Structures are given as structure tokens and as C-alpha cells.
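Trainee: I am new to this structure. Could you take me closely through the surroundings of the ligand, and then follow the chain outward from there?

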Amino acid sequence: MTKEAMDTLVYHGEKVEFGNLINLICHRISEFPKTGLNVGIYLDRTPALVAAVNACLITGNTYIPLDPDHPAERINMILEDVKPDLILTHGHYLSKLPSDSVKIDVDSLSSDESVPEPVSREFCQDRESIAYIIFTSGSTGKPKGVMIPRPAMDNFLDSMAKKPGLTANDRLLAVTTVSFDISVLEIFLPIRTGAQLFLLDKNESHDPDSIISALDSYDITVMQATPVTWRMLIDAGWKGKDNLKVLCGGEALTPELAEELLDRCGELWNMYGPTETTVWSTIEKVERDKPISIGEPIDNTEIYILDENMNKVLHGVEGDLFIGGKGLAAGYFKRPDLTEKVFIPNPFTPGETIYKTGDLVRYMADGRLECLGRSDFQVKIRGFRIELGEIESALLTLDEIASAVVHPQVVRKGMKDLVAYLIERKPVEERVLVEHLSRILPDYMIPAYFVRLDKFLLNTNGKIDRKNLPLPQVKEIVLEGNGDDLSLKEKILFVWKRVLQREDISTDQNFFEIGGNSILAVQLLREIGEFCGLTVPLGAFFMNPVIDDMINQAKSGSDKEMTVLLLNNTTEGVPLFCLGGIDIYSELAACFEGERPVYGVFLPYEEQLIDNIQRGTIDEWEYVSIQGMAGAYLRDIRKYYPQGPCHILGVSIAGMIAFEASKLIKANEGARGELFILDSHLPHARRLTPFGKIYSALRSLKHRSGKPGEPKNKLNPDQAYIEAMRDFINDQAIEVFDKVATPIDGDIYLIRALTNVYSKGESFSDDLGWNDLTSGQVGILELPDDHMGILNQPHVVKLADFLKEKIDR
Ligand code: AMP
């Protein structure tokens, strides 16, 4: 294995060295007096995540992935269960985690100056230690933690390195979340074999176009994914790659998908295995025109097909699949009852244990294994393992629900969805049900349909007859005419209805709570592109999957209804909100691509003011004071980023608004992010020569005589009027702000445009007056361009570097 490959991965197109971060994390973890620590991993999909899980294993500790996208209640349930000794996280998640937990902000480590001596890169060889605990759906309503011992993980990796095989010449694309155990292959196998790892971030790994382009541009030779992801790539037009080894597993591989994949790759492997037996337990190289099989056991793994009396079935007869060998989990975390039920003594080899998978299988005539389905209520929906009982338990926590059955059904063509069948004590709206479930369950466990029944039909065994549960009604939504007469809003609404196959959609509903899922999201955005001529980045859609937001974002940056727009494709990390404009910040946002979200925020207050004056509903404070405007801006920002400190930037008057907004954030959150003020001049810092004073008086007289006149059309004030009004309001607001503003706690960063056009006889102090408004320092960056020029190339790169340095400080 080459040291080079071991310590680097490719992320956002760049080689990232993460060995130093591993060292830093190892050293911090080693400060704890013991090993065998349970370490929570609450991290975004970045190189830091790869460094963190490696550091856990090197130091002989256990990593426990926690998905920041899962609802807080679910994460807390796991944290209460595990009580981790420490949690590795990012600074922006600190406030989301329990205050009494021990947390390490890995970002603060990476900017640490002191580089400790490198630690040994060998994984701890303590054969008893647990490598990871992965939580999976639990039938009684609580997720259960599967504990995988180090030897099980080592055995799995060694076996995979041989077959399907990975060498130092390979380039592997990692797309799977670490809370799904198949990520173990993607993260650790390249490191073990010296192959180069290419890590996609969260949005990229959901987006077929990003995956397709990564496969080609990085010349990837191995990628592993669930059937649903491969299907998504094919549907998105992926043409394939001759030298690609496709690993497909986690759910049944259909013959159709196998054919389509074989047409597009060098090798196709069907991988089978439950989390409880360490990722994959049987594998098969798929050949054309041969029935699909889950193949043969991997190294040091035994399989048994048994009947209900634990006797081996005859060749070709269906039975329960049991797995034994080195891959077996050490059981479920703190759940001896559950462990005992499925990890049972091996009736054929005393002293050993076998795991009851719940899968029904049989030997085919040629001796290979065929998977026939499940014998229990565990299902796979889009690759996610779900115990139906967990959703049913969550529904029953509502008093209005007397009985609940959740069952997978094919309602929409080619797609398996969860349907909840309910007997209600009192009617509950679907919205209430969804809201309730989303607090407890991840998106993929929220049923797409809710069907109310008076009673459940029973089968001859007296059990609920799941096979004959009625299918929910869906509607084929068709377009009358060619759609040319529809407004943009009507067009978007139509596409939503067609994709979700339902009429009852209101424009404030969340796509993922009314039957939408990641596959449909890709389809939706493609259709919105084709039918509405609108490009909506998948990442931005995941952040705001609501029609109203989509319509607002659909309008151009100059549209007056627009307030907040994500300007890059990045959704992870503490955002930077740039106030006072949208388009003007797009080049700056591009410099932060893949690092943090950058939003443009524009509050069309001049127009709202005019409108409110005309209606007589004016809130003077809000419109004519900087503080009031800051409150209004912050209200809009909070729709996108409900809580927590964030970084704020503003140019010109928006710099002052940013200043007040930053104070409000500190007051509400107890901390603020960094504050950047771009070329914003405080009147009190203005110096005038005697001539300058006369000149300035003349200008202001001229200005007054040109005060805003009556709008030509009351409902549609013309642009000149709006601009005059804006100057007028802004001048008033700045004058008052300059007199009443009180200092902010901590530092301010000021970016000065050096080619400012000042009036005759006018000059400003270097800090533009901001030293008087801070208890800390004013850090100044000077750029040789004007007001707006500093936001464009070439200066924007320097500006972005300055911002990054201060934010990472
Ligand atoms: P998980 O623990 O999430 O890996 O899910 C394990 C279950 O997924 C297995 O017990 C099977 O029911 C199903 N499964 C995984 N891989 C395959 C496969 N290649 N073919 C059929 N079913 C599979």
C-alpha cells in the first residue's frame, strides 16, 4: 500500500491530504485515559469524516455514525442509548448536540498550528474490540445498534480485496452514507489496498449527473451502490464505462437491471449480506443469461439453509438462511433479548453461533444460492432497511390512531412505496401525521400514502391480511393543451402533481412529506427543466423542497419577490449570508463551492415601503431604520437557516444592516459567526476640507429639490421613483444609524475598495468609522477596485481567501 494513497483522497476535484488530521484526532482521542471508547461521528460527508473514522479504529475505539440529516429525536434516542464517551463533530453542529456530551470540533483541530508526531497507521489489533456500531431500524419502535468486532471487519476487508478485488491501481468512487454499513468497503478498502479514494459530498452522492460526471472525469474503476442508485444512473442517461467494476447490493438485483448494467460495465457483482454479518456475506460475479443468484460465501463464512426445526433442507427446497463464521456481529448493543433471538447456537458446530437472517433462500440446480424474499416484516425501500413495526409504533404514539399497519406497495409504476393503513379514533389530517412522524423517523421511513380503514380484514390464521390491503388511489395527471397558457407557478404545480401523481398539493408542502423521494426529486427537477425551462440545483431543492420557495427561486435575481437564494450547490457547513443583493454575490459564492453554502439576500424594502405607504400599513421602524431592516432580513434568513450562528456580509448600506443582524444573532443564539463589511462608509468618519463642505452643501440642496415625486401609476411606481425613494430612505436610515448604533462584541472585518470616487474635498479614515463600533479589532483588507469591482474577478479570489481565513480562524 502506498503512503500517498493512504493519506489522500479526492474531494471536489482536489487531492486532499488528511493524514495530519488523522494524527490530530488520534492525539486528542488518546488523551482519554482508556481505549474502547464509544465515539459518536456527527459529521458531514467531507474528508474530515474519513479521517475521523480512521482515527477511531487506529486508536482502538468504536465509531458510531450519526446522520446529521436524521431528526433530532432519533439522534437523541441513539445518544441516550449509547451515551458516547465523546462525539466528533463540526463547530456548526455543537449547539445541536446535548450540552453534557463531550465533543471535539474537528474543524478547530485542522486549523491547529502544532502538528503532533504521526501516530502508527496500523489499525489497533485488539481482536476483542468493536470497530463500529451501526444503528438499524428496530421492529419495536427503537433503532437497534449492531456491534461489529474488529476481526469481523478485517476478515471482510481481506476477503473483498481478493474478490471482487481491489488493487493499488484502482480508483474507487464512494457514494454511500457512513450510517449504512456498505460504506465500510468504500472508506477502508482503498486505504487498505492503496487504491485511490474519490469521495462525493452529500449532494453529489444523491445526484445522478454528479455521479456520472465523476465516473468519467476521474476514470473510476470501482463503484459500489444499491440497485436503486444504479437504476437512477441508467435513467439519467448513463452510457456506461468499459473498465468499471460495478458492485451492486443491499437489495435484490433484478434480471432487467442486471442486463442493463452488464451492457454498461466491465464486471458486475451481486453482493448480499445483512449488517449483522458485516456488510457482505455472499457474492457472485453476474454473467449474462444466467439466473440471478447471491452466489457463494466470502472467506471464513458459512451458510445454512434450515427448516423450522433447524434441520438442513433438501437441495432446491426453500428455507431460512442462517450465516456463521468470522463476520458475525457481537450482537445488538445493550439488547440481550434481541440478540438471543437471532444469534443462536450453531446446531452443527457446538460452541459457535449462527445468525438468522430472515431471508428465505434455496439452492438452485447448479448449487448457487437464490434469494426468495423475507419471512418477516423487514423491508427494503430504495435500499434502506426498514422494520415496518418501527413506523407502526411511531403512528400509535398518536392518541387519534387506534390501529396502524404499514405495508410496502407498488402504487406508482416501477416504485415500491410505504403505505400506512389506519383505523382512527378521531380523524387526523395527513399533514399532522407527517409532521409527527418526521420528528421521530428519517425521511425514507415516512409513508408515501395514508389510507383510512374501518377495520382490517383477517386471513384464515386470524392475522391481518396484508396481501389484500387496498391500494391507495393515484391519479394520472394529464395536461390539457400544450401548457403555453399556464403561468410559471401553474406549470411548476402541474409538474409536481404529475410526478407525485396526486391532485391535493398545496404550494407550502414539503415534497418529501407528500410522497416524494430522492428518485422522484431527480425526475421532478428534470421535468421542471424541460417543461418550465428552469434549472434548480438538486442541493438547493433538498434544502427547500417546497413549491413556494421553488417559485420564488425561479424568479431572477432582480425580481422583487426574491429574498433569499442559495448561490452555490453547497448545502453543508455554516452558511455565509450576503445581504443587499443576489446576483452581485454569485462570483463570491462560486469561490465557496463545496466548502459552505453562500446565500444572496435581498429585501425589496423600498418597494414594500411604497406599497405600505399607499395601503397605510407602514411600520416605520422596520423600513427607515437600519436596525429594523436587519430584523426583517434576519426573519427571511431564518426561513432558510432556522437557528445557530451564521456568517454575515453586506456591501455598502447592507454592511450596516449586516452589523445589526450579527448583533441580533448574538443576542438570540449566544454567539455569532464572522461579520464582513464591504466598503460601508459611516458618515461620522467623513472628513471635509472647507471647500468640500461648500460642495457638499450645494449637492444636498440639489438633492432635496429633486425629492421623490408622485408615482405615475400608483400600483406600478416607475423605476426612477423607486430609485429616488431608495436613496432618500437609505440616507435617512444611515444618518440615524451613525448617531445611535452601539458597538458590537468582538472583531469586525472590513473590506475597503481603494478606487472609491469621493466628492471633492471629501476623505474617510482608514477604518471608515468602524473602530468606534466594536469592542474588538477591525481587520482590514484593501482591494484596488471600486465598490462592486471587488466582488468580481480578479479581486473576488483575494476577497474569498480573506473571508475563508477569518472564518476558519
Ligand atoms: P442491511 O442490513 O441493510 O444490509 O440489509 C440486509 C438485507 O437486505 C438482507 O437480509 C436481504 O434481505 C437484503 N439484501 C441485501 N443484499 C441483497 C441482495 N444482493 N439480494 C437480495 N437481497 C439482499
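Mentor: Start with the make-up of the shell around the ligand. Its residues divide into seven nonpolar, five polar and five charged. Keep in mind that this is a predicted model. Of the 17 residues around the ligand, the nearest are Met271, Thr275, Asp359, Lys380 and Arg385.

Now look at single atoms. Methionine 271 uses its backbone: an N or O atom there lies 2.8 Å from a nitrogen atom of the ligand. Arginine 374 uses its side chain, where an N or O atom is 3.1 Å from an oxygen atom of the ligand. Arginine 385 also brings a polar side-chain atom, and this one lies 2.5 Å from a ligand oxygen. How much of the ligand does the protein bury? Taken alone, the ligand exposes 500 Å², and the protein buries 95% of that.

Which elements give two or more residues to the shell? They are β13 (265–272), β20 (369–374) and β21 (378–381). The most comes from β13, which gives three residues.

So follow β13 outward. An open sheet of nine strands holds this strand. The order is β2-β1-β10-β9-β11-β12-β13-β14-β15, and the pairing is mixed. At the edges stand β2 (14–17) and β15 (296–297), each pairing on one side only. A general point helps here: strands of a sheet pair through backbone hydrogen bonds, either parallel or antiparallel. With β14 (residues 282–285), β13 pairs in the antiparallel sense, over four bridges. One residue pair to find is tryptophan 269 with its bridge partner in β14, lysine 285. A helix belongs in this picture too. Helix α11 (residues 255–262) lies across β12 (241–249) and β13, and runs at about 150° to β13.

Next, go further along the chain to another open sheet. Three strands form it, in the order β23-β24-β25, with mixed pairing. Why does one side of β23 and of β25 lack a neighbour in the sheet? Both β23 (401–412) and β25 (449–452) stand at the edges with a single partner strand each, so one side of each is left free of a neighbour there. On average, neighbouring strands of this sheet are turned by 30° against each other, direction ignored. Ten bridges join β23 to β24 (residues 415–424), and these two strands run antiparallel. Within that pairing, glutamine 409 stands opposite aspartate 417 of β24. Helix α14 (residues 430–440) packs on the sheet and touches β23, β24 and β25. The direction of α14 makes about 125° with that of β25.

Finish with the backbone. Most residues other than glycine have a negative phi, and most peptide bonds are trans. Three places are worth finding against that background. The peptide bond from lysine 163 to proline 164 is cis, with omega near 5°. Proline 164 lies in helix α6 (residues 150–165). The bond from glutamine 793 to proline 794 is cis as well, with omega near 0°. Proline 794 is in a loop, between β34 (778–783) and α26 (795–808). Methionine 310 has a positive phi, near 65°, and is not a glycine. Look for methionine 310 in the loop between β16 (301–306) and β17 (319–325).

Technical notes. Residues numbered from 1 in each chain as written. Predicted model: local features only at pLDDT ≥ 70, side-chain atom pairs only at ≥ 80, totals over all residues. Heavy atoms only, no water. Near = heavy atom within 4 Å. Polar contact = N/O pair within 3.5 Å; in protein donor to acceptor, adjacent residues only side chain to side chain. Areas by Shrake-Rupley, 256 points an atom, 1.4 Å probe, with all protein chains shown as cover. Nonpolar A, V, L, I, M, F, W, Y, C, P; charged D, E, K, R; others polar. Pairing = 2+ DSSP bridges. Axes fitted to C-alpha atoms, helices over the stretch in contact; angles between N-to-C directions. Contact = heavy atoms within 4.5 Å.
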